[in-house]
Amino acid sequence: MTNDDMDKTPVIAIFDVGKTNKKLFLFDEHYKLLYEQTAKFTETKDEDGFPCDNLENIRLSVFNSLKKIFREKDIAVKSINFATYGASFVYIDKAGLPLTPLYNYLKPFPEELQTKFYDTYGDKEHLALETCSPVLGSLNSGMQLYRLKKEKPEIFKKIRHALHLPQYLSFILSGQAYSELTSIGCHTRLWNFKKNQYHDWVAKEGLQKKLAPVVPSDTVVPSTFEKKDFILGVGLHDSSAALIPYLLNFKEPFVLLSTGTWCISLNPFNEMPLTTHELEQDCLCYLSYDGKPVKAARLFAGDEHEQQVKRIAGHFNKKTALYKTVNYNAETIGKLTKTNPLQMKGNKRPVMKGSEFAKRELSSFADYEEAYHQLMLDLIDLQVVSTSLVIKGTEVKRIFVDGGFSKNIIYMNLLASVFPAMEIFAASIAQATSIGAALAIHQHWNSQPLPSDIIELKYYSAKHERINKE
């Protein structure tokens, strides 16, 4: 370290690349946020006219942002890492240049090709169980690589490495290509969770030779930019990165209920293999940053909440955002549950078909507040089934809720009431994904001990009493 650097604040730069927002964060050694930059890029289209992220714009943004921060006089960039959405491959040639657009994981997968795949490699259910990946079309990124081989063999032959997006962004700085466990383990259909290696079909199709060497998530490589040396991480899948702060701060078994468009219940302490029933209920497994399976159950509750809130607002001629001001009313809940008791039929009830609320006549409710309470009851009715799928058979006694619903008093109180034996916490950690990506390589760049105060908790009891905890 030069004398000049000794006067500067050591920082880590994290690029958090989502489908909507692309962000850059700078954290100091105490994980205090020093800088934030947000960018939105206009989508482009692939050769079939399907929308996709503009890979070149993302690449240029990384370089331009780094040029700016490396010139700052009061900070010293010690490390850089990436956390991005999963299920997207970048195919690079021998020169390290992309061969195709960054295909969108929402792009429909050809039925004929999918049929051919299963005719060759066997039963859908069996493969889903071994790879812990429901049949999700292009969202299974391994199937994207299979498709490229079958539909564009001339491009497939030119591929030197197929890199998931986090590892590609690391590659453009280091020139070193790696595959990383959290990216391989996010419903790619590439990984055999039972054998802890690539599935047999990957080798049989000749895909493995296109995949870079597998390394642990805390792998770093020395790199240089603007004549400055730093430590570079190999990147992580964003959902797995967001779990890291919780794994490092809490040793007792817990479930993290991450709420947004999807409400995903993540249980890092469930080592039981996926069952056919769980797969049918939209369960899957991720790989954690330390290479262990994380059983997860997905529920499209955030999207349904958004749609039904609009319907309620339209019916009662109210503003859509009014729900944010509705307080929990125990009398209203008592009245509604007496008329429409919660089903909560354990793991026998399908959760994929949506809640009952979409079928309800809004004219049967006295006002906006009553209708909204019923919506939340119906969503919780599904949530308890979904979350129970990953809790069953484990010693979990705590549920941490982060994301949008963690700020919803009605949701949190109802969740406490349907899990009376659990400790229910609304958890708040700003930039959880980015901090997780920084924590993954903490030992390589940070001279301070791991932080123990970056997660703020609010406790909800089954009696609907709320107690603040730090």
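Phe-117 and Tyr-146 are both buried, and in this predicted model they offer a convenient place to begin. The ring centres of Phe-117 and Tyr-146 lie 5.0 Å apart with the planes at 80°, and because planes over 60 degrees apart count as edge-to-face, the pair belongs to that kind. Phe-117 sits in helix H3 (residues 111-121) and Tyr-146 in helix H5, so that the pair links distant parts of the chain, 29 residues apart.

From Tyr-146 the path continues to Trp-201, whose ring centre is 6.2 Å from that of Tyr-146, and since the two planes stand at 85°, this pair is edge-to-face as well. Because Tyr-146 belongs to helix H5 and Trp-201 to helix H9 (residues 200-204), the contact ties together parts that are 55 residues apart in sequence. Tyr-146 is buried, with a relative accessible area of 1%, and Trp-201 is likewise buried, with a relative accessible area of 1%.

These pairs belong to a wider set, for the count of aromatic pairs comes to 30. Elsewhere in the chain, one aromatic cluster is formed by Tyr-246, Phe-250, Phe-254, Phe-269, Phe-400, Phe-425 and Tyr-459. Rings also meet charged side chains: Arg-298 lies over the face of Trp-262, at 4.1 Å from the ring centre, while Arg-147 lies over the face of Phe-109, at 5.8 Å from the ring centre.

Arg-147 leads on to the empty spaces of the model, as it is one of the residues that line the largest cavity. A search of the whole structure finds four cavities of 30 Å³ or more, and the largest of them holds about 160 Å³ of space. Helix H5 (residues 141-151) gives the most to the lining of this largest cavity, with four residues. Among the other lining residues are Glu-47, Asp-48, Tyr-91 and Tyr-103, and by class the lining has six charged, three polar and three nonpolar residues.

The second largest cavity, with a volume of about 90 Å³, is lined by residues that include Phe-15, Val-17, Leu-24, Phe-41 and Ile-58. Strand S1 (9-17), strand S2 (22-28), strand S3 (33-39) and helix H2 (55-70) are the elements that give two or more residues to the lining of this second cavity, and H2 gives the most, with four residues. By class, the lining of the second largest cavity has seven nonpolar, three polar and two charged residues, and Lys-22 and Lys-23 are among the residues that line it.

Terms used. Residues are numbered from 1 along each chain as its sequence is written. This is a predicted model: local features need pLDDT of at least 70, side-chain atom pairs count only at pLDDT 80 or more; totals for chains, interfaces and linings use all residues. Side-chain values use heavy atoms; hydrogens and water are left out. On a 1 Å grid over the protein atoms alone, a cavity is a set of points where a 1.4 Å probe fits but cannot get out, and a pocket is an open set with protein on both sides within 12 Å along at least five of seven lines; lining residues have an atom within 4 Å of a point. Grid points are joined across faces, edges and corners, and a volume is the space filled by probe spheres set on the points. Ala, Val, Leu, Ile, Met, Phe, Trp, Tyr, Cys and Pro count as nonpolar, Asp, Glu, Lys and Arg as charged, and the others, Gly among them, as polar. Rings of Phe, Tyr and Trp (its six-membered ring) pair if their centres lie within 6.5 Å; planes under 30 degrees apart count as stacked, over 60 as edge-to-face and the rest as tilted. Buried means under 20% relative accessible area, exposed over 50%, partly exposed in between (1.4 Å probe, protein chains only). A charge sits over a ring if NZ of Lys or CZ of Arg is within 6 Å of the ring centre and within 35 degrees of the ring normal.
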